[in-house]
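Biologist: Could you take me through one part of this model in detail? I'd like a close look at the sheet and whatever packs around it.

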Amino acid sequence: MSEFLYDRPRPDLLETFENPYPDRDYEITHVAPEFTSVCPKTGHPDYGTLTLKFVPADCCVELKSLKLYYQSFRNHGAFYEAVTNQIADELIRLMEPKSLELTAEWTPRGGLHSVIRVSHKAR
């Protein structure tokens, strides 16, 4: 049985691979329609779709590691804004992309639909 824990974010799970076209700007989009975390106030699950768009510099994020990283938030209590910014920060630190945009579109609850978007451009 795996010792993988789903109760806290695990940025150590993230891996990269070398960008096969570092001299060309191109955009990569990864969509995760089943993201789950927990509301720290109510303890209820929060469901959302994460859309990651980035222009890689030297490396790209490896997909299985990204999936496992996202799953590590499953029982983690944090507000939408914190989750979205934390993930963006970890991916920026990991890849140092030319640009990155992370959009978290949260499933409506109580009649409200929230979208949190984080943008980053390398200097």
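Modeller: Sure, let's start with one rung of the ladder: Val31 has Thr51 in β3 as its bridge partner. Keep in mind that this is a predicted model.

Staying with that ladder, Thr29 sits opposite Lys53 in β3, and Ile28 has Phe54 in β3 as its bridge partner. In total, nine bridges join β2 to β3 (residues 45–55), and these two strands run antiparallel. The hairpin of β2 and β3 has six residues between the strands, and there Gly43 takes a positive phi near 80°.

Now cross over β3 to its neighbour β5. Eight bridges link β3 to β5, again with the strands running antiparallel. One spot to click on is Gly48, which stands opposite Trp106 in β5.

Zooming out, what order do the strands take in the open sheet? Four strands make it up, and they go β2-β3-β5-β6 with antiparallel pairing. At the edges you find β2 (28–38) and β6 (115–121), each of which pairs on one side only. From one strand to the next, the twist averages 15°. As for the side chains, in a regular strand they alternate between the two faces of the sheet.

Next, the helices. Helix α1 lies across β2, β3 and β5 (99–106), and runs at about 25° to β2. Helix α2 lies across β2, β3, β5 and β6, running at about 155° to β5.

The two helices also pack on each other: α1 (residues 63–71) and α2 (residues 80–95) meet at an angle of about 150°, with their axes 12 Å apart. That angle is why α1 counts as roughly antiparallel to α2, the cut-off for that label being over 145 degrees. The crossing of α1 and α2 is right-handed.

If you want to pick out the contact itself, select Leu66, Tyr69 and Tyr70 in α1, which meet Gln86, Ile87, Glu90 and Leu91 in α2. Sorted by class, this contact of α1 with α2 has five nonpolar residues, one polar and one charged.

Last stop, the rings. A pair of aromatic rings is described by the distance of the centres and the angle of the planes. Searching the whole structure turns up six aromatic pairs. One of them is Phe35 with Phe73, a tilted pair at 5.7 Å centre to centre with 50° between the planes. Phe35 belongs to strand β2 and Phe73 to the loop between α1 and α2, so this pair ties together parts that are 38 residues apart in sequence. That brings us back to β2, the edge strand we started from, which also has α1 and α2 lying across it.

Key:
Residues numbered from 1 in each chain as written. Predicted model: local features only at pLDDT ≥ 70, side-chain atom pairs only at ≥ 80, totals over all residues. Heavy atoms only, no water. Axes fitted to C-alpha atoms, helices over the stretch in contact; angles between N-to-C directions. Parallel < 35°, antiparallel > 145°, perpendicular 65-115°, else oblique. Left-handed = near helix turned anticlockwise from the far one by under 90°. Contact = heavy atoms within 4.5 Å. Nonpolar A, V, L, I, M, F, W, Y, C, P; charged D, E, K, R; others polar. Pairing = 2+ DSSP bridges. Phe/Tyr/Trp six-rings, centres within 6.5 Å; stacked < 30°, edge-to-face > 60°.
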